[in-house]
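Let's take a walk through a protein together, one stop at a time. Have a look at the picture first, and then read on.

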Amino acid sequence: MQQNICYPCLKPQAQHFFDNAQQAIAATLDFRQHLYAIAQNKKLCSEAVEDQSYPNEVIVLKPKQTQAPALLLLGGMGPLAGLGAFEIACQMFQNSREIVLFQACSLPNRTTAIQQKIQIGASQEPDLVVMLAIAIREAMQYICSSVEPVELIVLCNGAHYFLPEVMQQLLLDYSKIFFRLQWLSLIDTTIQYLQQRNFCQPLVLCTTATRLGCVYSRPLQEMSIVCLELNDELQSILMQSIYQGVKPGFLASRKKIGVENCQNIYCT
């Protein structure tokens with residue numbers, strides 16, 4: 001049964017199509033500058049810069065001939081994370097597959113939803129679950145390849161807290177889409193990476209809500225991997241860095257500050 005509740009529109013305000021990876025990769029610089037300009041305008045108006053400050057957009061790499069399954073990236077949470085993943089995917093796969101980045105920036109804040117659920121027992125969780133399912137439905141409209149399954153990556157650590165319920169929502173409302181998807185988890189791939197390299201006591205850097213929701217710590221514990229987390233003071237500093245530095249785009253040039261491997265910090 002589909003929902004009758006009216007949710008914020010997830011239709012993209014802009015659509016960008018490329019027929020080869022080189023064009024798509026070259027365009028990412030302009031997309032970053034576009035995001036930075038939006039953040040600058042918000043700051044000039046003394047407004048907070050949040051994921052919801054940016055428009056919903058879709059960026060599509062659609063080569064003429066492909067053999068590999070399509071890759072669907074659900075981004076916008078925040079948009080820099082989505083854009084970075086799209087660029088890396090284009091560099092990695094070149095013209096071998098369709099790559100669709102759906103920047104669902106209007107989705108509710110995942111940090112707020114998790115905090116409210118855990119701390120006060122009330123949250124935006126039902127709305128967020130339904131909207132994530134709707135965002136995936138909207139994004140799937142840009143997949144043309146008949147090769148299945150379509151590989152889906154949700155580019156937000158915090159959103160993974162809700163993915164089991166999102167899967168159920170998709171199965172309930174959009175079963176045809178559900179059965180076309182192969183879900184690729186950021187958390188599962190991180191654990192596999194740690195196991196393959198025999199890393200021990202990894203330090204988890206994430207938003208406060210991702211930490212409260214045990215998005216990483218619980219699966220790591222289940223795999224007998226002891227992880228370290230920041231104390232409250234350092235966690236507060238990290239949150240300020242994310243929301244006042246990374247999300248507004250002020251730390252977009254990571255090489256200048258010597259932080260070249262911090263993609264995961266972009267996500268909430």
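We can begin at the surface: the protein exposes about 13,500 Å², and carbon and sulfur atoms supply 53% of that area. Keep in mind as we go that this is a predicted model. The protein has 268 residues, and buried residues make up 49% of them.

What is the chain built from? There are 10 helices and 8 strands in the protein. It also helps to ask how parts of the chain meet. Take the contacts with a separation of 6 or more: residues 24 or more positions apart account for 80% of them.

Our next stop is a pair of helices. Two packed helices are described by the angle between their axes and by the distance between those axes. Here the pair is helix α1, residues 21-44, and helix α2, residues 79-93. Their axes come within 9 Å and cross at roughly 165°. Angles over 145 degrees count as roughly antiparallel, so α1 is roughly antiparallel to α2. The crossing in which α1 passes α2 is left-handed.

Which residues make this contact? On the α1 side they are Ala 21, Ala 24, Ile 25, Thr 28, Phe 31, Arg 32 and Leu 35. On the α2 side they meet Pro 79, Leu 80, Leu 83, Gly 84, Phe 86, Glu 87, Cys 90 and Gln 91. Sorted by kind, the residues of the contact of α1 with α2 divide into 10 nonpolar, 3 polar and 2 charged.

Now find strand β4, residues 99-103, where Ile 99 lies. Is Ile 99 buried or exposed? Its relative accessible area is 0%, and because buried means under 20%, Ile 99 is buried. Leaving out residues up to four places away in sequence, Ile 99 touches Ile 59, Val 60, Leu 61, Leu 71, Leu 73, Phe 86, Ala 89, Cys 90 and Phe 93. You have met Phe 86 and Cys 90 already, in the contact of α2 with α1. Val 60 shows how the chain brings separated positions together: Ile 99 and Val 60 are 39 residues apart in sequence, with their C-alpha atoms 5.9 Å apart in space.

Helix α4, residues 125-140, offers another example in Val 130. Val 130 has a relative accessible area of 7% and is buried. Along the sequence, Val 130 and Gln 169 are 39 residues apart, while in space they are 6.7 Å apart from C-alpha to C-alpha.

Further along the chain, Gln 235 lies in helix α10, residues 232-246. Gln 235 counts as buried because its relative accessibility is 4%. Setting aside its neighbours within four places in sequence, Gln 235 is in contact with Cys 206, Thr 207, Thr 208, Arg 211 and Leu 230.

Loops deserve a visit too. Pro 69 lies in the loop between β2, residues 57-61, and β3. Not counting residues up to four places away in sequence, Pro 69 touches Arg 97, Val 147 and Pro 149. Pro 69 and Ser 146 are 77 residues apart in sequence and 8.0 Å apart in space, C-alpha to C-alpha.

Let's turn to the backbone itself. Most residues other than glycine have a negative phi, and most peptide bonds are trans. With that in mind, where can we find cis peptide bonds? One joins Met 77 and Gly 78, with omega about -5°. Gly 78 sits in the loop between β3, residues 71-75, and α2. Another cis peptide bond joins Glu 148 and Pro 149, with omega about 5°. Pro 149, which we met as a contact of Pro 69, is in the loop between α4 and β5, residues 150-154.

And which residues have a positive phi although they are not glycine? Gln 201 is one of them, with a phi of about 50°. Gln 201 lies in the loop between α7, residues 186-196, and β7, residues 203-204. With 47% relative accessibility, Gln 201 counts as partly exposed. Cys 214 also has a positive phi, of about 55°. The loop holding Cys 214 runs between α8, residues 208-212, and α9, residues 217-222. At 24% relative accessibility, Cys 214 counts as partly exposed.

Technical notes:
Residues are numbered from 1 along each chain as its sequence is written. This is a predicted model: local features need pLDDT of at least 70, side-chain atom pairs count only at pLDDT 80 or more; totals for chains, interfaces and linings use all residues. Side-chain values use heavy atoms; hydrogens and water are left out. Axes are lines fitted to C-alpha atoms, for helices over the stretch in contact, and angles run from 0 to 180 degrees between N-to-C directions. Helices (H or I, at least four residues) and strands (E, at least two) are DSSP runs, numbered from the N terminus. Angles under 35 degrees count as roughly parallel, over 145 as roughly antiparallel, 65 to 115 as roughly perpendicular and the rest as oblique. A crossing is left-handed if the near helix is turned anticlockwise from the far one by less than a right angle, and right-handed if clockwise. Contact means heavy atoms within 4.5 Å. Ala, Val, Leu, Ile, Met, Phe, Trp, Tyr, Cys and Pro count as nonpolar, Asp, Glu, Lys and Arg as charged, and the others, Gly among them, as polar. Buried means under 20% relative accessible area, exposed over 50%, partly exposed in between (1.4 Å probe, protein chains only). Accessible areas come from the Shrake-Rupley method with a 1.4 Å probe; for residues, only the protein chains shown count as cover.
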